Amino acid sequence: MADATAPATSDASAAHAGPRELQHQFDTVEQQRDASSLGMWVFLVTEILFFGGLFLAYTVYRSQYARAFAEASRHLDITLGTFNTVVLIVSSLTMALAVFSASTGRRRALLAFLLATMALGGVFLGVKAVEYGHKFHDHLVPGPHFRFPGPYARPAEIFYSLYFAMTGLHAAHMVIGIGLLTVLVLQARKGRYGPGYYTPVEVCGLYWHFVDIVWIFLFPLLYLIGRHIH
Amino acid sequence: MRETFPLFPQQASSMAPRVDNLYFYLLAVSAFFAALIALAVIYFAIKYRRRSESETPPGVEGSMKLEVAWSVIPLLITFTFFFWGANLFFAMNRPPPDALEISIVGKQWMWKIQHADGQREINELHVPVGRAVRLTLTSEDVIHDFFVPAFRMKKDVVPGRYSTAWFEATRPGRYHVFCAQYCGTKHSAMTGWVEVMDPLAFQNWLAGGTGSESLASAGAKLFAQHACNTCHRPDSLARGPNLEGLFGKTVKLQDGRTLVADENYIRESIVMPNAKIVEGFQPIMPTFQGLISEEGLLQLVAYIKSLSKAGPSPAGIPPPVKESAPEREAPK
Amino acid sequence: MSTAVVAPPPEAPAVEPPVHYLNATYGVKSWLLTRDHKRIALLYLASITFFFFLGGLFALLIRLELLTPAGDLVQSQTYNKLFTMHGVIMVFFFLIPSIPAVLGNFLIPMMIGARDLAFPRLNLLSWYIYMVGALFTLWAVVHGGVDTGWTFYTPYSTASSNTHVIATAVGIFITGFSSILTGLNFIVTIHTMRAPGLTWFRLPLFVWSHYATSLIFVLATPVIAVTLLMVAVERLFHLGIFDPRLGGDPILFQHLFWFYSHPAVYIMVLPAMGVVSELVTTFSRKNIFGYKFVAFASIGIAVLGFLVWGHHMFVSGQSVFAGMIFSILSFLVAIPSAVKVFNWTATMYKGSISYRTPMLYAFGFIGLFTIGGLTGLFLATLGVDVHVHDTYFIVAHFHYIMVGGAIMGYLGGIHYWWPKISGKLYPEAWARFAALVVFLGFNLTFFPQFILGYLGMPRRYHAYPEEFQVLNVMSTAGASILGAGYIIPMIYLVWSMRYGRAAPANPWGSTGLEWDTPSPPPTENFLTTPVVTDEPYHYSPGEVEIVG
């Protein structure tokens with residue numbers, strides 16, 4: 001956005017006059033949209049591998065310490081976890097509706113849905129913070145103060161290491177997502193998006209859905225594994 | 001006695017010539033291909049050097065036949081490397097059953113060695129010539145690696161588990177031991193010597209040592225000291241599995257899996273008793289992690305192994321002192 | 001620190017002042033906020049040159065220490081920090097960005113006839129991310145360094161080392177995102193921005209190899225990022241994912257580490273292979289022999305490279321069967337590399353071969369990469385790897401690939417495209433001399449290390465038994481020559497920016513699109529969008545001879 005290099009590129013940009021949003025390196029709006037969309041998909045592939053390392057560690061240890069993981073999992077708050085899952089699924093819906101509103105040129109609806117998505121994301125993070133607080137209070141945070149009654153203390157500490165690593169990384173992605181949505185809201189207020197140009201909304205939508213899907217995997221793997229083993 | 005400028009390592013184990021033969025084969029094939037490519041590049045560079053700035057040679061179409069040839073032929077050659085190398089690797093990982101047992105604990109930055117009948121040494125390993133030796137290795141802190149170049153033997157020494165390696169020395173002498181896995185400040189000082197001796201000299205050395213108590217009997221003492229026999233006993237009061245004859249047997253676990261009771265399983269059952277619960281028992285055993293040293297764990301393992309051998313334990317070790325006490329283990 | 005290095009270019013000659021990317025605008029701000037891929041490439045060039053000489057300085061100190069068997073020049077822990085920082089800086093801050101971020105950034109848009117990369121702002125952001133990561137690491141270096149080895153093996157890195165592991169790991173973590181974004185940018189650019197008529201099989205092989213490299217950037221880098229993040233978090237918050245005292249598995253770290261770091265070797269060498277394909281064709285004036293085989297060999301290396309990480313762990317205690325699988329897959333990945341070498345050699349057949357400096361580097365690359373690749377077979381062979389693993393044999397092997405391969409390719413590429421980048425010609429005689437010095441110095445440094453390794457000298461040893469001294473002295477002597485060989489080009493290339501003769505648009509008579517535009521190119525790369533109608537490397541219209 002900061003067009004600091006304008007002197008270097010402005011002549012050239014003028015030569016490829018087109019819609020205001022068309023950047024100078026592209027020939028057509030379609031080419032630009034294809035590039036953005038492909039770029040986000042490639043980025044999401046990267047993200048899958050990023051979480052993949054942790055999922056691998058989880059798989060290895062869970063197969064090794066199945067009972068301990070089940071026991072440790074029982075100390076997670078399934079009610080709050082379920083509530084958060086519903087919150088995130090609804091936020092995916094509002095995000096999808098935001099993209100739809102942008103593509104059909106409904107600016108007020110777009111703003112409303114973006115704000116709703118942000119609010120739901122905020123609720124999720126708030127609930128997460130409450131859960132973390134409980135874990136801290138219950139001495140379930142790995143480290144010197146970790147306490148876990150019963151015979152499974154050590155593998156349970158690994159479980160909680162993974163729990164904090166995975167949900168923490170996920171929460172960091174939520175924070176980034178809310179930051180992106182803030183930018184979208186500011187731009188949308190200026191009327192930047194309409195049927196002719198809403199790539200940023202679409203691309204951020206892809207990211208938001210990805211973050212939700214990660215949670216859809218995290219929730220059963222972390223919260224529900226204790227429910228069927230006795 | 002040592003050469004001042006050697007270009008090739010000494011061969012002092014049964015494995016060394018076998019590794020070297022494969023190495024020479026690889027060297028020959030590599031030299032052939034390196035020479036082939038170098039000569040072709042030099043020949044073309046001279047023969048087809050640019051003679052005038054304006055010359056343009058005709059283009060060349062690729063050749064499927066050549067591409068297939070120079071893909072398939074090298075591939076087949078590498079398969080010979082693979083099979084030969086894998087064969088050797090198998091041999092390196094299969095200690096002969098009658099091998100002499102020695103356990104080694106690495107810590108920053110020394111090697112602590114225990115012989116089966118109680119001899120202990122640090123950074124020096126005495127072994128007889130012509131007898132297979134099986135090493136059980138573990139670490140107290142970080143990953144180390146026990147490397148004897150003259151034996152072509154190397155094994156990572158990983159905390160929290162046992163690794164095994166074996167060799168059969170073929171030539172008396174003194175050979176370097178190096179730690180080959182970077183382990184901190186004094187990594188390059190974590191070295192030692194293997195002293196390969198005539199069998200007779202080795203017997204004398206053993207007899208002259210200070211170690212009076214065998215590994216297994218030291219383990220038996222630890223077993224009693226930690227009151228393991230309160231639960232691990234053969235009678236109806238047993239709250240843990242009976243350990244007699246356990247080693248090498250198949251164990252059925254509560255979750256339906258089965259495994260063979262080896263050294264790593266016994267070690268894990270002591271330090272992390274509830275990782276694997278034996279079918280029919282409750283996860284009640286407390287952990288002994290931190291209460292028993294790595295050397296003590298090796299003694300306990302040796303003791304439990306000795307419970308599976310008929311009569312006196314291996315390598316002429318006297319029977320465990322606690323033979324009469326109810327022995328059972330606490331493996332999960 | 002790089003701002004000082006990127007001085008404004010010399011003024012254009014008074015006679016004819018064509019506007020190009022270097023003189024279009026002036027001032028520090030016009031460089032630091034640029035979105036022109038060519039200027040960003042130069043920002044990278046300045047930064048990685050700094051890190052190359054910093055890493056080289058550490059290497060020199062290492063070699064000086066090893067001149068004598070006793071550890072008498074520096075203390076053990078200082079030595080450990082030296083080789084750690086040498087590895088970290090050379091791998092993460094020089095080799096990985098070297099060819100992609102400098103030459104790839106500069107050339108890919110031009111080679112495909114585009115005005116810029118698909119995401120110019122993201123490209124600039126990549127450089128800033130790289131610099132932020134670099135600052136973290138430099139902070140660690142300045143405040144006492146780090147001593148874990150560049151491999152960060154647990155539990156040493158998490159539980160034992162008392163040096164700046166966190167700052168270094170975070171620095172590498174951050175820099176990883178620079179690589180990811182660069183790779184993403186290249187993939188999208190190559191997919192969506194090719195000029196009319198430029199089909200996939202008309203792409204220069206340099207572009208193919210960068211496409212393959214980008215796949216690795218995108219798929220492997222996130223895994224090392226999260227792994228090093230876990231190491232940092234384990235130290236910081238006492239999470240216990242790799243902690244053996246909790247029943248955690250330090251070997252799991254090695255799996256995750258090498259899942260990235262083996263493909264990372266191909267990140268370093270694939271772009272150099274792309275450079276060599278351009279050099280061999282240009283200076284033989286021939287189309288490449290077996291274009292599709294060379295192109296698909298790049299993709300094959302990238303894909304197979306993901307399946308061989310376990311060959312770094314043959315002695316770690318992984319199962320014998322896992323070892324066998326990783327062994328045979330490692331042999332498979334050797335084949336596409338061999339195919340490339342054979343095709344380059346065959347390209348020279350009946351060519352018109354010129355001995356200009358870039359071609360000398362290409363010769364050097366072929367020779368040294370062949371030795372590096374063949375010694376890789378020793379390491380893939382299970383029974384032999386047990387003996388040479390973690391010895392100087394492996395040090396020699398990977399330096400033959402990374403220094404003999406990647407840096408020879410990088411220097412060859414820098415010389416080849418220097419007229420395009422700077423608009424100036426470098427002094428040919430000096431350049432040939434430097435190429436020869438580098439080649440000889442390199443071999444004297446690293447060939448003795450193969451012998452040392454088979455003798456059993458372990459790597460990362462501060463002090464060593466006396467019988468290894470002669471070979472170590474040879475290696476140190478070679479390193480001094482090699483160091484001089486690297487300084488000479490640095491001097492004459494900087495000199496040529498002001499005093500060199502002006503370069504024509506196409507000094508070598510090459511065929512690529514980047515030579516179809518003035519030297520240096522205008523900001524938009526081309527005055528008109530090119531249309532491609534020919535096969536690549538089309539040196540001799542009409543005549544094609546069938547071989548074999």
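## Helices and strands of chain B

In this predicted model, chain B holds six helices and 13 strands. Here helices (H or I, at least four residues) and strands (E, at least two) are DSSP runs, numbered from the N terminus. Residues are numbered from 1 along each chain as its sequence is written, while chains are lettered from A and ligands numbered from 1 in the order in which they are written. Because the model is predicted, local features need pLDDT of at least 70 and side-chain atom pairs count only at pLDDT 80 or more, but totals for chains, interfaces and linings use all residues.

What is the radius of gyration of chain B? The value is 27 Å, whereas a compact globule of 332 residues would have one near 20 Å. This radius is taken over C-alpha atoms, and the globule rule is 2.2 Å times the number of residues to the power 0.38. Along the principal axes, the C-alpha atoms of chain B fill a box of roughly 100 × 55 × 40 Å.

## Two open sheets in chain B

Let us look at the sheets. Strands of a sheet pair through backbone hydrogen bonds, either parallel or antiparallel. Two strands count as paired if DSSP finds at least two bridges between them.

One open sheet has five strands in the order β4-β3-β2-β6-β9 (chain B), and its pairing is mixed. Its edge strands, each pairing on one side only, are β4 (120-122) and β9 (163-168) of chain B. On average, neighbouring strands of this sheet are turned by 25° against each other, direction ignored. Strand β6 (residues 132-139) of chain B runs antiparallel to β9(B), and six bridges join them. You can find B:Leu135 opposite B:Ala165 in β9(B).

Another open sheet of five strands follows the order β5-β11-β10-β7-β8 (chain B), again with mixed pairing. At its edges are β5 (124-128) and β8 (153-157) of chain B, each pairing on one side only. In this sheet, the average turn between neighbouring strands is 20°, direction ignored. Strand β7 (residues 144-148) of chain B and β8(B) run antiparallel and are joined by five bridges. B:His144 has B:Val157 as its bridge partner in β8(B).

## How helices pack in chain B

Helix α3 (residues 199-207) of chain B lies across β5 and β11 (192-197) of chain B, running at about 130° to β5(B). For such angles, axes are lines fitted to C-alpha atoms, for helices over the stretch in contact, and the angles run from 0 to 180 degrees between N-to-C directions.

At what angle do the axes of α4 (residues 215-225) and α6 (residues 294-306) of chain B cross? They cross at roughly 100° and come within 7 Å. The helices α4(B) and α6(B) are therefore roughly perpendicular to each other (under 35 degrees counts as roughly parallel, over 145 as roughly antiparallel, 65 to 115 as roughly perpendicular and the rest as oblique). Among the residues making the contact are B:Leu215, B:Leu222 and B:Phe223 of α4(B), and B:Leu298, B:Leu300 and B:Tyr303 of α6(B). Residues are in contact if their C-beta atoms, placed from the backbone, lie within 7 Å. By class, this contact has ten nonpolar, four polar and no charged residues (Ala, Val, Leu, Ile, Met, Phe, Trp, Tyr, Cys and Pro count as nonpolar, Asp, Glu, Lys and Arg as charged, and the others, Gly among them, as polar).

## Chain C and its partners

Chain C has 16 helices and one strand. Its radius of gyration is 23 Å, which agrees with the value near 24 Å for a compact globule of 548 residues. The C-alpha atoms of chain C fill a box of roughly 70 × 55 × 45 Å along the principal axes.

The contact between chains C and B takes 82 residues from chain C and 76 residues from chain B. Helix α11 (residues 320-348) of chain C gives the largest share of the chain C side, 15 residues. That side has 46 nonpolar, 28 polar and eight charged residues.

Where chain C touches chain A, the contact takes 42 residues from chain C and 36 residues from chain A. On the chain C side, α8(C) gives the most, with ten residues.

## Confidence

The pLDDT is the predictor's confidence in each residue, from 0 to 100. Chain A has a mean pLDDT of 86, with 90% of its residues at 70 or more. Chain B averages 86, and 91% of its residues score at least 70. Over residues 311-332 of chain B, however, the pLDDT is below 50.

Note on methods. Contact = placed C-beta atoms within 7 Å.
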